[in-house]
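Student: I'm new to this one, could you walk me through it while I look at it?

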Amino acid sequence: MSSLGPTVQERLEQRPAGIDGSPLPGPWPVGEYAQRLRGWLRERARLQLFGEVWNLRETRVRVYFELRDAQGALPCAMWRDDLVALGLTPGALADGAQVVVGGGLDYYPGAATSSPAFSFHVTALRIAGEGDLLAQLDRLRKRLDGEGLFVPQKALRRPVLPRTIGVVTGEGGKARDDVLAGLARRGWAGRLVWAFAPVQDRHAAPRITRAVMDLAALEGIEVIVVARGGGSLADLFCFCDETLCRTVALLAVPVVASVGHHTDRTLLDDVAAVSCSTPTHAAEAAVPLHCTQAREQVRRDAGRLAVHGRRAVIGRARALARLSRAPAAHLERERSRLHQSLREMRAAARRGAADKRERTARRALALDRKVQSAGLDGRRRQRLDALAAVLGAHDPQRTLERGYALVEDPAGGLVTSAAAARERGALRLRFGDGAVDAKVREATDE
Amino acid sequence: MSEELSYEAATERLEEIIKRLDSGEAGLRETLDLCREGRTLVERCATELDAVGKGLEELRLDELVARLENGAGGGEAAR
């Protein structure tokens, strides 16, 4: 592999050996060849060509575009001064414009730091008419609209507070920063999935389509933003791609488009759920809720609920207290009544007892009086004693104690004769110290 | 059931509840019930807002896709 620039090695060797077996003359140094090529191309006939302008690009000193038609294209270059000198109305030379150019072939051999370029060097130019580009776009737009594809995305539910957002944008562009700024304005800091894709040139449309489909397939994705900074219609033409637009139209996830063309709407703007003028606005459309304000509101709501809750709890406590006092008061009344009854009963009982005592006392007194009035004094006692003594003398027990025995029959009747004894047969002899049973030997029954 | 309630629906219901409470027409029982429901809704909204308030989590689709494909590498060796 040899480098393009001269190395020390190659300077030392004048010329390397040719390829083994090659019939071609040479080798010659490439720079020399490039210079000669330019010379040869510049000698070709200068002529006029017509076609459509495509990918118009301006630098400080040069203007570049492709001149195209259905069969092929030519890269064109023009001095900016030459273009300005034409005095065209601003914007007349734009993508899609039909032009006639005059000039000749040229070749830029490149330099140490810039690449070589082949081009048709334009020295004269005339606008011939509006290009086919816009007409094509118009036809496609009518077709998709006719199929009702401008409707489905707009009917999708867009969450007010998504947790996960997908963003399709160019990796290096300003659009990325603008999207972040828009989300920061909303106070939103959730999950962001970046899908970087080229956002112009002919590779863009399929890559953007793929990115949108992959994002929509991710779990949890609630909204997709497709953002690009401004540009010419040709730059944005990838967003008019039929496949991309059909895919977005039927996507289950809402798409917010911000592809930034100031005069023409791209087809993506028509099929998307929302079309915004800038990536910042697109971010705000993706998160409709102003999160910082919402947090404040929720805090306020919580406070209001707490106030209502406290009042209600106090009210309930009071109501319960009232209810709970009622039985207590009732009990208190009952208790008082019971105490009263008890006091009365006790009082009544005390009175009853007192009455009884009084009565008893009165009776005792009466008895006492009776006793006293019966005259049971000393004299009477003496006489009683005497009588008791006499009685005692006659007490059969005394007789038994003197040694005599009382004879009874088993039934307890007295037996006072032998004949009666013989008749009874069985006798009971009662002595002073007890009784014994006896049998009569000479019983008449025997 | 509250998991299915969207943020918008939750805030709408919360607004209704607070309006009713502020009106002073709710009785004691209703007030307590509404306060309880309201607290649940407030928590739901706060949870949603917290989920997008901790810090931006940035992912790349190309990395996610690569991870997916590498993860499935074992069964896709034939590719």
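Student: How many salt bridges are there between chain B and chain A?

Tutor: There are five salt bridges between chain B and chain A, a salt bridge being a side-chain nitrogen of Lys or Arg within 4 Å of a carboxyl oxygen of Asp or Glu. One of them joins Arg163(A) to Glu48(B), with the closest N and O atoms 2.8 Å apart. Please keep in mind that this is a predicted model, in which local features need pLDDT of at least 70 and side-chain atom pairs count only at pLDDT 80 or more, while totals for chains, interfaces and linings use all residues. Residues are numbered from 1 along each chain as its sequence is written, chains are lettered from A and ligands numbered from 1 in the order in which they are written, and side-chain values use heavy atoms, with hydrogens and water left out.

Student: OK, and which parts of chain B touch chain A?

Tutor: Helix H1 (7-23), helix H2 (28-51), strand S1 (57-60) and helix H3 (61-71) of chain B each supply at least two residues to that side, where helices (H or I, at least four residues) and strands (E, at least two) are DSSP runs numbered from the N terminus. H2(B) gives the most, with 14 residues.

Student: How many residues does each chain bring to the contact?

Tutor: Chain B brings 34 residues and chain A brings 38 residues, contact meaning heavy atoms within 4.5 Å.

Student: What about the buried area between chain B and chain A?

Tutor: It is about 3000 Å², and carbon and sulfur atoms give 67% of it; buried area is the accessible area (1.4 Å probe) that two parts lose on being put together, summed over both. On the chain B side, Leu49(B), Val52(B) and Leu61(B) lose the most area to chain A, together 21% of what that side buries.

Student: Do strands come into it too, I mean, how do S7 of chain A and S1(B) pair?

Tutor: Strand S7 (residues 191-196) of chain A and S1(B) pair in the parallel sense over four bridges, and two strands count as paired if DSSP finds at least two bridges between them. Within this pairing, Glu58(B) is the bridge partner of Leu192(A).

Student: Switching to chain A by itself, what do S12(A) and S13(A) form?

Tutor: They form a hairpin with two residues between them. Six bridges join S12(A) to strand S13 (residues 434-439) of chain A, and the two run antiparallel, with Gly434(A) in S13(A) as the bridge partner of Phe431(A).

Student: And which strand pairs with S12 over three bridges?

Tutor: That is strand S11 (residues 406-408) of chain A, which pairs with strand S12 (residues 426-431) of chain A in the antiparallel sense, and there Leu406(A) stands opposite Arg430(A).
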